[in-house]
Every structure is written in structure tokens, then in C-alpha cells.
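Here are my notes for you, in numbered points that you can follow with the model open beside them. I hope they make a handy companion as you look around.

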Amino acid sequence: MVSLALDGITARYGRREILTEATTPPIAGGALTALVGANAAGKSTLFRRIAGQMRGHGSVRFTGATQDDLRYMPQDTAMSAALTVYETVILALKQGTGGWRLSAQELAAVDDVLSRFGIAHLAEQQLPELSGGQRQAVSIAQTLVARPKVILMDEPTSALDLYRQYEVLESLNAYARETGAVIVLALHDLNQVMRNCATTIALGEGRILACGPTPEALTPDLIRRLYGIESRVEQCSKGRPMMIVDGPSPRAV
Ligand SMILES: Nc1ncnc2c1ncn2[C@@H]1O[C@H](COP(=O)(O)OP(=O)(O)O)[C@@H](O)[C@H]1O
Ligand SMILES: [Mg+2]
């Protein structure tokens, strides 16, 4: 089984400190993990630190994987190259391998990921011709095609319609179950988090304010602290927990 733990991760831009001390217990693979927090809390910055794209203190500990097994899908994926969807996914598969020959198995992996994420019919389209949601689906396919063991995705469903959001989260869940991979998703929809993510990591005030099983971590107290919002978690008529927003928290005076 793969796991990932953060030990005293810091990050700053110039003199501005964004993360003072991000520490988590080992986060187990095999199910989805959510990274939640307010705008500008430092979610994308934390991903950049874990992905090794930024320096700082502290360490990221992998079990059953190394830094090379990690794939990171950033929040804004600019795609201006005049390539087809098919070519882009092949590029992502062969990235860092030092060769361009494709085995039958690799071709099958490309076809599989295109159909899993509902973009097989777009294979021959050029990237600039795609809609925002279609581009996001291509980024997801690129991230998964080499079957990584550790995956970080920054707001992967932000441009997707309701059906595609459902489809992507189901596929990612299935992938985690099949492979034991650690998959951390920055998400804003807390009901989506409660429904799909076994573990929740909450980032605020430059640190990890909560990290654990989602039903225990994602409490009204935490939501007030993260967002300044009063909320309730109630059971829907099918017995699933749902978060209901009541409004802004009264300001402390
Ligand atoms: N490249 C950068 N240079 C300077 N400041 C940055 C940079 N990227 C992000 N920041 C700042 O760091 C803070 C955290 O940003 P970010 O990690 O993108 O937050 P989140 O993803 O949680 O919305 C914000 O205040 C943002 O303005
Ligand atoms: Mg961000």
C-alpha cells in the first residue's frame, strides 16, 4: 500500500510566508483524499511543494512510492500547442522515458484512459478547439495515463458539468481502489468531498488544521474556522450526510 506524509512543510514567496508548518500523519492510498481550504489558503502552494516544484523546509515521506511515481495536475493548464488530444496523452505517457516507440500495451493504455474519461471521440481534435471542460478532461487523462502511484490534482472538476464531475470522481475512486494509489484532490464542493473522499485534509492559517476520516474532520466547527460560514451536517432521506449552509458566522467583537 502506498502512503504519503508531510513533515513540517514550509513555503514562502519572497518574504511572504504561506505555509508555516504543514504536517500530517501518513495518508493511505486506495481511496480519495480531499484538500480543502479557503481561497488563497495555500492549497496550490502545498501541491507545488509536494510535487518538488518549490523549495522550503520540511519533508514529504512516501511509502511504497518515490517522487518519480508522482504526477501533479496544476489548477490552470494552459494548452496552446497545436497537438491532437491523442498526441498529448501519448506525450504525457512517454514523458521522461527517453523514447517514442509505443508498445501495444501502451497504445491500449492510451485508449483506455481516453474512454474512461469520456474523451475517446475527441482523440483527433486539436487542443485549441476544445471547451474548458474538455481540456480539463484531457489534463486528467494525461495525469493518469502512466498509472502513477501518487496523484495530486488541483481543482480537477472545476470546469466539468454535473455528469462529468460524477464520472471523473467515480473513475478516480475506482483507480485508487484498483491500484492502492494516493490521490489528493483540491476541491471546493464539500458535499462532493463528503460523498467521495475517505480522508480530508484542511488547510488554514498556514497549517493543517485537520486531517483524518472525512466524517470526523469536516465538522461545522472546522467549516466556521476555514470559511467563516455557519453550517449543519444532516442526513438526507437516503441516509447520506449532507452539508447545509446557514450563512456567515457572526463576527467576533
Ligand atoms: N507565484 C506566486 N508569487 C507570489 N505569491 C503567490 C504566488 N502564488 C501564490 N501566491 C500567493 O500565495 C497565497 C496562496 O496561494 P495559493 O497557494 O494559490 O492558494 P489556494 O490554492 O489555496 O487558493 C495567495 O495569497 C497568493 O496570492
Ligand atoms: Mg489554488
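1. A cut-off to begin with: a residue counts as buried when its relative accessible area is under 20%, as exposed when that value is over 50%, and as partly exposed in between. Thr 143 has a relative accessible area of 6%, so it is buried. Please keep in mind throughout that this is a predicted model.

2. Let's stay with Thr 143 for a moment. This residue sits in helix 4, which covers residues 132–144. A polar atom of the Thr 143 side chain lies 2.7 Å from the backbone oxygen of Ser 139.

3. Now to ligand 1. Which residues surround ligand 1? The shell consists of Tyr 13, Arg 16, Ile 18, Ala 38, Asn 39, Ala 40, Ala 41, Gly 42, Lys 43, Ser 44, Thr 45 and Arg 48. By character, five of the shell residues are nonpolar, four are polar and three are charged.

4. Where does that shell come from? Strand 3 (16–22) and helix 1 (43–50) each contribute at least two residues to the surroundings of ligand 1. Helix 1 gives the largest share, with four residues.

5. For the polar contacts of ligand 1, both side chain and backbone are worth a look. On the side-chain side, a polar atom of Arg 16 is 2.8 Å from an oxygen atom of the ligand. On the backbone side, a polar atom of Ala 40 lies 2.7 Å from an oxygen atom of ligand 1, and for a polar backbone atom of Ala 41 the distance to a ligand oxygen is 3.2 Å. Ligand 1 taken alone exposes 560 Å², and the protein buries 63% of that area.

6. Ala 40 deserves a second visit. Its place is the loop between strand 5 (32–36) and helix 1. Although Ala 40 is not a glycine, its phi is positive, at about 70°. Is Ala 40 buried or exposed? With a relative accessible area of 78%, Ala 40 is exposed; that value counts only the protein chains as cover.

7. Next, the magnesium ion, which is ligand 2. Its protein donors are Ser 44, through OG, and Gln 75, through OE1, at 2.1 to 2.4 Å from the ion. These two donors link distant parts of the chain, 31 residues apart: Ser 44 belongs to helix 1, and Gln 75 to the loop between strand 7 (70–73) and helix 2 (85–94). Ser 44 is buried, with a relative accessible area of 13%, whereas Gln 75 is partly exposed, at 34%.

8. Why is helix 1 described as largely enclosed by the rest of the structure? Seven of its eight residues are buried, which is the reason for that description. The buried residues of helix 1 are Lys 43, Ser 44, Thr 45, Leu 46, Phe 47, Arg 49 and Ile 50. After the helix comes Gly 52, with a positive phi near 80°.

9. On to the strands. An open sheet of three strands runs in the order 4-1-6, and its pairing is antiparallel. Strand 4 (27–28) and strand 6 (59–63) are the edge strands, each pairing on one side only. Strand 1 (residues 3–7) pairs with strand 4 in the antiparallel sense over two bridges, and Leu 4 has Ile 27 of strand 4 as its bridge partner.

10. There is also a hairpin, made by strand 2 and strand 3 with two residues between them. In its turn, Gly 14 has a positive phi of about 60°. The antiparallel pairing of strand 2 (residues 9–13) with strand 3 spans four bridges, and Arg 12 stands opposite Glu 17 of strand 3.

11. Two loop residues to finish. Arg 147, in the loop between helix 4 and strand 8 (150–154), is a residue other than glycine with a positive phi, near 50°. Arg 147 is partly exposed, with a relative accessible area of 42%. Leu 130 lies in the loop between helix 3 (104–116) and helix 4, and is buried at a relative accessible area of 5%. Between Leu 130 and Tyr 72 there are 21 Å, C-alpha to C-alpha, at a sequence separation of 58 residues.

Definitions and conventions:
Residues are numbered from 1 along each chain as its sequence is written. Chains are lettered from A and ligands numbered from 1 in the order in which they are written. Side-chain values use heavy atoms; hydrogens and water are left out. A residue is near a molecule or strand if one of its heavy atoms lies within 4 Å of it. A polar contact is a pair of N or O atoms within 3.5 Å; within protein, one must be able to donate a hydrogen and the other to accept it, and residues adjacent in sequence count only if both atoms are side-chain atoms. Accessible areas come from the Shrake-Rupley method with a 1.4 Å probe; for residues, only the protein chains shown count as cover. Ala, Val, Leu, Ile, Met, Phe, Trp, Tyr, Cys and Pro count as nonpolar, Asp, Glu, Lys and Arg as charged, and the others, Gly among them, as polar. Two strands pair if DSSP finds at least two bridges between them. Donors are N, O and S atoms within 2.8 Å of the metal (3.2 Å for Na, K and Ca); water is not among the atoms, so sites may look incomplete. Buried means under 20% relative accessible area, exposed over 50%, partly exposed in between (1.4 Å probe, protein chains only).
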